[in-house]
Amino acid sequence: MNVLVTGGAGYAGSVLVRNLLLEGYGILCVDNLRYGQNSLPDISAGENFTFIKCDITDRKLLKEIVNRNPFYAVVHLAAIVGDPACKREPDVARKVNWEASKQLFELAVERGISRFIFASTCSNYGKMANPDSYVDETSPLAPVSLYAELKVKVEELLLDRKNGNSEFCPTSLRFSTIYGMSPRMRFDLTVNEFTKEMALGRELVVFGEQFWRPYCHVQDYSLAILQTLKAPKETVAYNVFNVGDTNENYTKKMIVDELLRVIPDGKVRYTKIDEDPRDYRVSFKKIRDSLGFKAAFTVPDGISEIIDVIRAGVIANYEDPRFYNTPH
Ligand SMILES: NC(=O)c1ccc[n+]([C@@H]2O[C@H](COP(=O)([O-])OP(=O)(O)OC[C@H]3O[C@@H](n4cnc5c(N)ncnc54)[C@H](O)[C@@H]3O)[C@@H](O)[C@H]2O)c1
């Protein structure tokens, strides 16, 4: 079965395409290589993998790709990712995250592609009204950044049955913040960044240590996509799932405490902020009950994994811009 993966050269995408190949899927990956071309060379010669350098705002090229290939599914990850990156380039973010997503969605419906999986985010929940409770898929969305606003807009388009047809099977996955090693590493994500700073013996400066967020390993991210692809259509069509594990909600302070367990002499400085627009604890009961999804990794696993890589000394320059989605 052939799958079109957009953004497959990215942090999550470069792990996903490898896992999909192992599962026997044929992959056509499109990406404009915004963060360089180091994440895919080893798999590019494989017969089940095709890479096309394509900006998804290029409707003509995207249409050619979609029309030329019999895809079973589209997994749409390409985006300007994160609040800071969208804030820095709002016009590009609107073009890529909204306009190009809408075009891709329309092409998929037109072409009769069966499955469409959209990478959304738990950031859509914004700030919880009651910090002692958990939000779930039925909770109101309160995006507080352009990044989340555009994700919500695409979800609305995708999940409205009148925009598709009865054969179409769109699913939105609201992912937790990801961590863990990837061929396109990102050191601008909380667990990865905190671990890197402390493992390198630097003083870690933490803002808003009391605010909650859920976390999910990059391998579990890809497992959720695989399970969605394989799930019966009636379970996932026009449906939305939070992706993560209810036990994997952490405050930043809790992540630091996990780090201090393995790096007891780690240096940390807390900087109090009383307000954070994003503060949410998320329930992942629906994906567990509907798809049997169970995260294989925990934040402490991710911390150990990154420390091992750092101690092995295989990364020459942690400040290389390719590890960050905004200038660092
Ligand atoms: N990283 C997280 O914590 C997280 C959490 C929730 C959801 N997500 C979602 O998962 C997806 C992947 O995130 P990521 O962390 O791998 O980000 P990433 O920035 O590493 O990957 C995005 C990829 O999209 C590509 N891209 C950007 N603009 C493009 C364009 N115009 N045309 C073609 N390709 C383009 C980039 O080159 C990059 O390879 C995104 O949709 C993101 O919103 C990520």
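## A tour from helix pair to sheet

Start by selecting α5 and α6: their crossing is right-handed, the term for a near helix turned clockwise from the far one by less than a right angle, with anticlockwise being left-handed. You are looking at a predicted model, in which local features need pLDDT of at least 70, side-chain atom pairs count only at pLDDT 80 or more, and totals for chains, interfaces and linings use all residues. Residues are numbered from 1 along each chain as its sequence is written. Helices (H or I, at least four residues) and strands (E, at least two) are DSSP runs, numbered from the N terminus.

**Stop 1: α5 and α6.** The axes of α5 and helix α6 (residues 146-159) come within 10 Å and cross at roughly 15°. Axes here are lines fitted to C-alpha atoms, for helices over the stretch in contact, and angles run from 0 to 180 degrees between N-to-C directions. The two helices are therefore roughly parallel (angles under 35 degrees; over 145 is roughly antiparallel, 65 to 115 roughly perpendicular and the rest oblique). Now show the side chains of the contact, including Trp98 and Phe105 of α5 and Tyr147 and Leu150 of α6; residues are in contact if their C-beta atoms, placed from the backbone, lie within 7 Å.

**Stop 2: the sheet.** Keep α5 (residues 90-111) and add β1 (2-6), β4 (73-76) and β5 (115-121), the strands that α5 touches as it packs on the sheet. The direction of α5 makes about 170° with that of β4. Next, colour the whole open sheet: 7 strands in the order β3-β2-β1-β4-β5-β6-β10, with parallel pairing (strands pair if DSSP finds at least two bridges between them). At the edges, pairing on one side only, are β3 (49-53) and β10 (239-243). The twist averages 20° from one strand to the next. Zoom in on β10 and β6 (residues 169-175), which are joined by 5 bridges; Phe175 has Val243 as its bridge partner there.

**Stop 3: α10 and α12.** Select residues 252-262 for α10 and 299-312 for α12: these helices pack at about 50°, with their axes 10 Å apart. α10 and α12 are therefore oblique to each other, and their crossing is right-handed. Among the residues making the contact are Ile255 and Leu259 of α10, and Ile303 and Ile307 of α12.

**Last stop: the whole chain.** Zoom out to 12 helices and 12 strands. The C-alpha atoms fill a box of roughly 55 × 45 × 40 Å along the principal axes.

Key: Contact = placed C-beta atoms within 7 Å.
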